[in-house]
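Visitor: Could you show me this model and explain how each label is earned?

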Amino acid sequence: MNNFKFRLITSEPQNGFMNMAIDEAIAIACDKQLSPPTLRLYTWNPPCVSIGYFQDVDEVIDISECKRYGIDIVRRLTGGKAVLHNKELTYSIISPSKNDIFSNGIKGSYKAIADCLLHGIKNLGISGEITERPSRKGNGFSCFLDTSFYEISVKGKKLIGSAQKRWKNLFLQHGSIIISPSHTQLASLLRFNNEKERTGFINLHKEKSTSIEEEIKSSSDIIEIKSAIKKGFEEKTGIKLFEDELTDFEKTEAQRLFKEKYGNDNWNLKRETS
């Protein structure tokens, strides 16, 4: 058994602004050595499109359609492309860069986390694989049309997409585990030149991505999925995760970040990314 102390937080559903604020608040606390390394498992309510740090919202997202469907838009700290968070489970890992579990830089940590996720979905009866070579065949808008290093696919179809942010002594990686095919609704929220392009996007999404329910051929239980992912991390790393809640410091920081950053259009819609 590894003696590395690692916390598990299983959050109640939050809106996208608070979810991103909580992830960063945990990172701040961990960097100040006020909190231990943390695995967080969470969902989103209402549904939300998260966009990569460098994406141009006006170029990618149809804001009026998001408002029409009651879907929020939030900018992540991490890079990558747009993800629709609806009927999926998001994980986040916040840890010091120097550790015995997620070491060897960005690729080493990606690979170690991918091994844990692979074991997690195996507990659900899904046989996946880790992508060793990235594919770049998407339209540049959606996370689930491209597969990057050390992401999880099933029979060539992407199931889990991830992105990472690194600081001097710390990293944060979070990713989306698709539960049902509803993520293809993203097509109605993106900007296309015509309906032919939109239809092509939908068909490509079906070809390039999959979901837990498509693979197990039945409906799924979010509690069972969380348990499987938790067990996968414990099995692969030898860590015994201890369940806990956010500290008072993290709650205060999350509220501050929600007010000053993630709940603000200046961050989400108008941020200078060049």
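**Strands and their partners**

Guide: Let us start in β2, where Arg-40 is the bridge partner of Ile-9. The model is predicted, so local features need pLDDT of at least 70 and side-chain atom pairs pLDDT 80 or more, while totals for chains, interfaces and linings use all residues. Residues are numbered from 1 along each chain as its sequence is written, and side-chain values use heavy atoms, leaving out hydrogens and water.

Visitor: What makes β1 and β2 a pair?

Guide: Two strands pair if DSSP finds at least two bridges between them, and β1 and β2 share four, in the parallel sense. Strands themselves are DSSP runs of E with at least two residues, and helices are runs of H or I with at least four, numbered from the N terminus.

Visitor: Why is the crossover from β1 through α1 to β2 called right-handed?

Guide: With the strands pointing away from the viewer, right-handed means that the path from the first strand over the helix to the second runs clockwise. The β1-α1-β2 crossover is right-handed by that test.

Visitor: Which strand lies antiparallel to β2?

Guide: β6 does, joined to β2 by five bridges, with Leu-39 standing opposite Ile-93. β6 also runs antiparallel to β10 over nine bridges, and there Leu-89 stands opposite Ile-177. The open sheet has eight strands in the order β7-β8-β9-β10-β6-β2-β1-β11, with mixed pairing.

Visitor: What makes β7 and β11 edge strands?

Guide: Each of them, β7 (129–130) and β11 (242–243), pairs on one side only.

Visitor: How do you know that β2 is largely enclosed?

Guide: Buried means under 20% relative accessible area, exposed over 50% and partly exposed in between, using a 1.4 Å probe and protein chains only. Five of the five residues of β2 are buried, so the rest of the structure largely encloses this strand. Thr-38, Arg-40 and Tyr-42 cover one face, and Leu-39 and Leu-41 the other. In a regular strand the side chains alternate between the two faces of the sheet.

Visitor: What makes a group of residues a nonpolar core?

Guide: Its members are buried Ala, Val, Leu, Ile, Met, Phe, Trp, Tyr and Cys residues joined through side-chain atoms within 4.5 Å. The largest core has 34 residues, and Leu-39 and Phe-233 are among those touching the most other members. α4 (105–122) gives the largest share, seven residues. A second, separate core of 24 residues includes Val-74 and Leu-257.

Visitor: Why is Lys-261 called buried?

Guide: Lys-261 has a relative accessible area of 16%, which puts this residue under the buried limit. Lys-261 lies in helix α8, and its side chain makes a polar contact of 2.9 Å with that of Glu-24. A polar contact needs a pair of N or O atoms within 3.5 Å; within protein, one must be able to donate a hydrogen and the other to accept it, and residues adjacent in sequence count only if both atoms are side-chain atoms.

Visitor: How do you know that the span of α8 agrees with its length?

Guide: The expected span is 1.5 Å times one less than the number of residues. For the 15 residues of α8 (248–262) that gives 21 Å, and the end C-alpha atoms are 19 Å apart, which agrees.

Visitor: Is Ile-223 buried or exposed?

Guide: At 62% relative accessible area, Ile-223 passes the exposed limit. This residue of helix α7 is 213 residues from Thr-10 in sequence, and their C-alpha atoms are 9.9 Å apart.
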